[in-house]
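User: Hey, could you walk me through this model? I'd like to start with any charges sitting over rings.

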Amino acid sequence: MVSSSLSRDATFSLPSPKLRESLGRAVERYEASVSLAATYLEGRGITADIAARWRLGVVADPLPEHERQAGRLVIPYLTPSGVVDIKFRCLENHDCKALNHAKYDNLPGSSARLYGVENFDVDSPIIALVEGNPDTWVCTDIVGIPAVGVDGANKWRPWWGHCFDGYERVFVFQHGDDAGKKLSENAKANIYNAEVVVKPLPSGEDINSFVLQHGVEAFLQRAGLLETPA
């Protein structure tokens, strides 16, 4: 149940216009260097057109407040009101945990947000709820199912369920781990006015890896959106 007392996150408040303008300028600066992430993006099937659609970039020439993010992939959180947050991903091919730094980093003061909320404006009877940014890109632009992403099962907020009101079906493509199961449980408990269709993925797979290995048609068949050949 959604609590009647609203937390700061529950108010859906936006960053100030000044901060959104600052974030927008940063994204514009960094997206000009997105080609530096070509190896990472191409390895996930992400074309230049898809990267441009999500305004991805690289911190090649960091602004003073972003110096520790130098060399990282820039993942902006886009809304009709502008850029409201930025996530930074390490692009080095190493074990980030062993080197005591996070694979993903956020700006100070960031709060949990749904990613890809512009897909709520797509005229579609279905939408997908996925885990992570790459799965959002792949599901939306390669598979062809509009998707919104959650950074992790623990980041889910119960009131987000109301964002899915009016859809016929909400597909939850569940990763084959405990976190994936938890996200599915949260979706089923908090999405009230749509049929929640949970589609588990093979152990160790996400949408990105499944589509790369098996193709879009196999993924759609697994989702029940394409008939299996006789």
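Analyst: Sure. Arg 53 lies over the face of Trp 54, 4.2 Å from the ring centre. The criterion is NZ of Lys or CZ of Arg within 6 Å of the ring centre and within 35 degrees of the ring normal. Lys 87 does likewise over Tyr 104, at 4.9 Å from the ring centre.

User: And what am I looking at, in terms of ground rules?

Analyst: It's a predicted model, so local features need pLDDT of at least 70 and side-chain atom pairs count only at pLDDT 80 or more, while totals for chains, interfaces and linings use all residues. Residues are numbered from 1 along each chain as its sequence is written, and side-chain values use heavy atoms, with hydrogens and water left out.

User: Cool. How many aromatic pairs does the structure hold?

Analyst: Eight. Rings of Phe, Tyr and Trp (its six-membered ring) pair if their centres lie within 6.5 Å; planes under 30 degrees apart count as stacked, over 60 as edge-to-face and the rest as tilted. One of the pairs is Phe 173 with Phe 219, and it counts as tilted because the planes are at 50 degrees, with the centres 4.8 Å apart.

User: Which elements do Phe 173 and Phe 219 lie in?

Analyst: Phe 173 is in strand β7 (residues 169-174) and Phe 219 in helix α7 (residues 216-223), so the pair ties together parts 46 residues apart in sequence. For the names, helices (H or I, at least four residues) and strands (E, at least two) are DSSP runs, numbered from the N terminus.

User: Any other partner for Phe 219?

Analyst: Phe 210 pairs with Phe 219 edge-to-face, at 5.9 Å centre to centre and 65 degrees between the planes. Ring pairs link Phe 171, Phe 173, Phe 210 and Phe 219 into a cluster.

User: Is Phe 219 buried or exposed?

Analyst: Buried, at 1% relative accessibility. The cut-offs are under 20% relative accessible area for buried, over 50% for exposed and partly exposed in between (1.4 Å probe, protein chains only). Phe 173 is buried too, and Phe 210 is buried at 5%.

User: OK, switching to strands. What does β3 pair with?

Analyst: Strand β2 (residues 73-79) pairs with β3 in the antiparallel sense over seven bridges, and the two form a hairpin with two residues between them. β3 is also joined by three bridges to strand β4 (residues 104-106), again antiparallel. Pairing here requires that DSSP finds at least two bridges between the strands.

User: Where does Phe 88 fit in?

Analyst: Phe 88 in β3 stands opposite Val 74, and its bridge partner in β4 is Asp 105.

User: How much of β3 is covered? I mean, how many residues are buried?

Analyst: Seven of the eight residues in β3 (residues 82-89) are buried.

User: Now pockets. What's the volume of the second largest one?

Analyst: About 440 Å³. A pocket, on a 1 Å grid over the protein atoms alone, is an open set of points where a 1.4 Å probe fits, with protein on both sides within 12 Å along at least five of seven lines; lining residues have an atom within 4 Å of a point. The volume is the space filled by probe spheres set on the points, which are joined across faces, edges and corners.

User: Which residues are closest to its centre?

Analyst: Of the 20 lining residues, the closest to the centre are Lys 103, Tyr 104, Gly 132, Pro 134 and Asp 151. β3, β4 and α4 (133-143) each give two or more residues to the lining, and α4 gives the most, with three.

User: What's the polarity split of the lining?

Analyst: Four nonpolar, seven polar and nine charged. Ala, Val, Leu, Ile, Met, Phe, Trp, Tyr, Cys and Pro count as nonpolar, Asp, Glu, Lys and Arg as charged, and the others, Gly among them, as polar.

User: Back to α4: why is it called largely enclosed?

Analyst: Because nine of its 11 residues are buried, including Trp 137 and Val 138. Gly 144 follows α4 and has a positive phi, near 95 degrees.

User: Which residues have a positive phi although they're not glycines?

Analyst: Arg 55 and Asn 100 are among them, each with a phi of about 60 degrees. Arg 55 is in the loop between α3 (48-53) and β1 (57-58) and is partly exposed at 25%. Asn 100 is in the loop between β3 and β4 and is exposed, at 74%.
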